[in-house]
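The exercises below are to be worked with the sequence and the structure open side by side. Try each task before reading its solution.

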Amino acid sequence: MSYLDLDDHKAYQKWVGYKQSRYELRSDSGFSLLNAVEPDGTIPEQSLTNLKTQVSDYNFSLYKMLGPAEDHLAVVKKVGSQMGLQQLDKNLCAREDRITRLSVVENGRPNHYIPYSNKAIGWHTDGYYNPMQQRVQAMVLHCEQPAAAGGENQLLDHEMAYIHLRNENPDFIRALSQPAVMCIPENIENGELLRAQTCSAVFMEEQGHALNMRYSRRKHNIIWSDDVLTQEALDCLDGFLESDSPYHVRYRLNQGEGVMCNNVLHTRTAFTDSAEHKRVYYRARYYNRIEC
Ligand SMILES: O=C(O)CCC(=O)C(=O)O
Ligand SMILES: [Fe+2]
C-alpha cells in the first residue's frame, strides 16, 4: 500500500503528517538552508548528509560553494554525480556534455526559447515535454553569475501541490493522473521534426514509491483535457501556485550557489544584465532521481 493510493487514507494521512513535521524544521535556528560544497565540487560528508536528508524531506536542497570555482560546469557535473545523478538528459540546446548553459543569447539558435532570454518563466517542472521514457526526474540549477538585477527563483515541492489538490478533492488527482491529460504538440522547425507529440499525466508514481510531476503553467502549446474536472483541478493548482503558502521558497542564487532537486516546481523572475553582471546559470537534467 502506498500513500499515493487514493483508497489508502491511513497511509496518506501518516505521510501528510510526516511531511508537515519535516517542514516545521525549516524554521529552526539550526536549519541549514545553504550546504557547503568545496570549490572543486567535492561535497563534504556532513553536507552530503544534509543535502540528501533535505531532498528526501522537501525534494530540493540548496548549496553554496566555499570559494570561487575555476570551472562551474565541472562543479555541476561533480555535484550531480555525488548525489547519485548520472543519467543526463539530452537537450536540443545543451552542449556536448548535456549540461545547458543558460544566458541571454542575442543571436543564434536558442534565441526564441524563453530560458535563453531575460524574461520571467512561470511555474513548471523541467522536461514536461520529454517523451515518457525520457522523463526528467532530477535537476541541478547552478549560478555562475547572477544578473545585475532580478532573476530570482521560486521553488515549490511538488508533493505539497499534490497534497493541496488531494485535500481539496481527490478527484482532482484522478483527473491529473490520466495518462494523456496533457499533450504537447510536435515541434517542427524548418520542416524538420525535432520532437514528436507527447501526451502524459501530470502526476505519476515512480518505482512504486515516489511522485513525479510534469507540468507547465504556459497556456501556449499545451493541450489539456477539456473535461470539467481537469479544468477545475488546474484552477485549483494555479491558485495554490500563485499563493504564498508556507511551502513556497523564494531565493535568488548568488555566485557559486545552486539548487539540486527531484524536479520540483519552479519559476524565475525577469532580470536585467549589465556588462559586468551578465546572468549565467547551468542546468543539468537527469532521468534518475536523487535517492537518499
Ligand atoms: O534561469 C532560471 O533561473 C531557471 C531556468 C529554468 O527553469 C529552465 O530553463 O527550465
Ligand atoms: Fe526549469
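**Exercise 1.** Which residues surround ligand 1?

Solution. The model is a predicted one. Start from the ligand and collect its neighbours: Leu102, Pro115, Ile121, Asp126, Leu141, Asn153, His266, Arg268, Tyr281 and Arg283 surround ligand 1. Next, assign them to secondary structure: E17 and strand E19 (280-286) are the elements that contribute two or more residues to this shell. Finally, sort by character: five of the shell residues are nonpolar, two are polar and three are charged.

**Exercise 2.** Trace the strand pairing of E17 and find the bridge partners of Ile121 and Gln154.

Solution. Take strand E4 (residues 121-124) to begin with: two bridges connect E4 to strand E17 (residues 265-268), and the two run antiparallel. Within this pairing, Ile121 is bridged to Arg268 of E17. Ile121 and Arg268 are both among the residues around ligand 1. Then take strand E7 (residues 153-156), which is joined to E17 by four bridges, again antiparallel. Here Gln154 has Thr267 of E17 as its bridge partner.

**Exercise 3.** Give the strand order of the open sheet that contains E8, and state which strands lie at its edges.

Solution. The sheet has three strands in the order E11-E8-E14, with antiparallel pairing. Strand E11 (198-200) and strand E14 (223-224) are the edge strands, as each pairs on one side only. For the link between E8 and E14, count the bridges: strand E8 (residues 182-184) is joined to E14 by two. One residue pair to locate is Cys183 with its bridge partner Ile223 in E14.

**Exercise 4.** Check the length of helix H6 against expectation, then decide how its buried residues are arranged.

Solution. Helix H6 (residues 228-242) contains 15 residues. From first C-alpha to last, H6 reaches 21 Å, close to the 21 Å expected at 1.5 Å a residue. The buried residues of H6 are Ala233, Leu234, Leu237 and Phe240. Viewed down the helix axis, the buried residues of H6 lie within an arc of 125 degrees, so they line one face of the helix. Val228, Asp235, Gly239 and Glu242 are exposed on the other side of H6. The cover over the buried residues of H6 includes helix H4 (158-168), helix H5 (170-176) and E14; E14 is thus named here as well as in the sheet order E11-E8-E14.

**Exercise 5.** List the buried residues of helix H3 and the elements that cover them.

Solution. In helix H3 (residues 72-82), the buried residues are His72, Val75, Val76, Lys77, Val79 and Gly80. Their cover includes strand E1 (34-37), strand E2 (60-65), strand E5 (138-145), strand E16 (257-261) and E19. After H3 comes Gly84, with a positive phi near 85 degrees.

**Exercise 6.** Asn59 and Asn190 each have a positive phi. Is Asn59 buried or exposed, and is Asn190 buried or exposed?

Solution. Most residues other than glycine have a negative phi. Asn59 has a positive phi of about 70 degrees and sits in the loop between helix H2 (45-58) and E2. Asn59 has 25 other C-beta atoms within 10 Å, so it is buried. Asn190 has a phi near 50 degrees and belongs to the loop between strand E9 (187-189) and strand E10 (192-195). Asn190 has 5 C-beta neighbours inside 10 Å and therefore counts as exposed.

Technical notes
Residues numbered from 1 in each chain as written. Chains lettered and ligands numbered in written order. Predicted model: local features only at pLDDT ≥ 70, side-chain atom pairs only at ≥ 80, totals over all residues. Pairing = 2+ DSSP bridges. Near = placed C-beta within 6 Å. Nonpolar A, V, L, I, M, F, W, Y, C, P; charged D, E, K, R; others polar. Expected span 1.5 Å × (residues − 1). Buried ≥ 20, exposed ≤ 12 C-beta atoms within 10 Å, placed from the backbone. Arc of directions from axis to C-beta. Contact = placed C-beta atoms within 7 Å.
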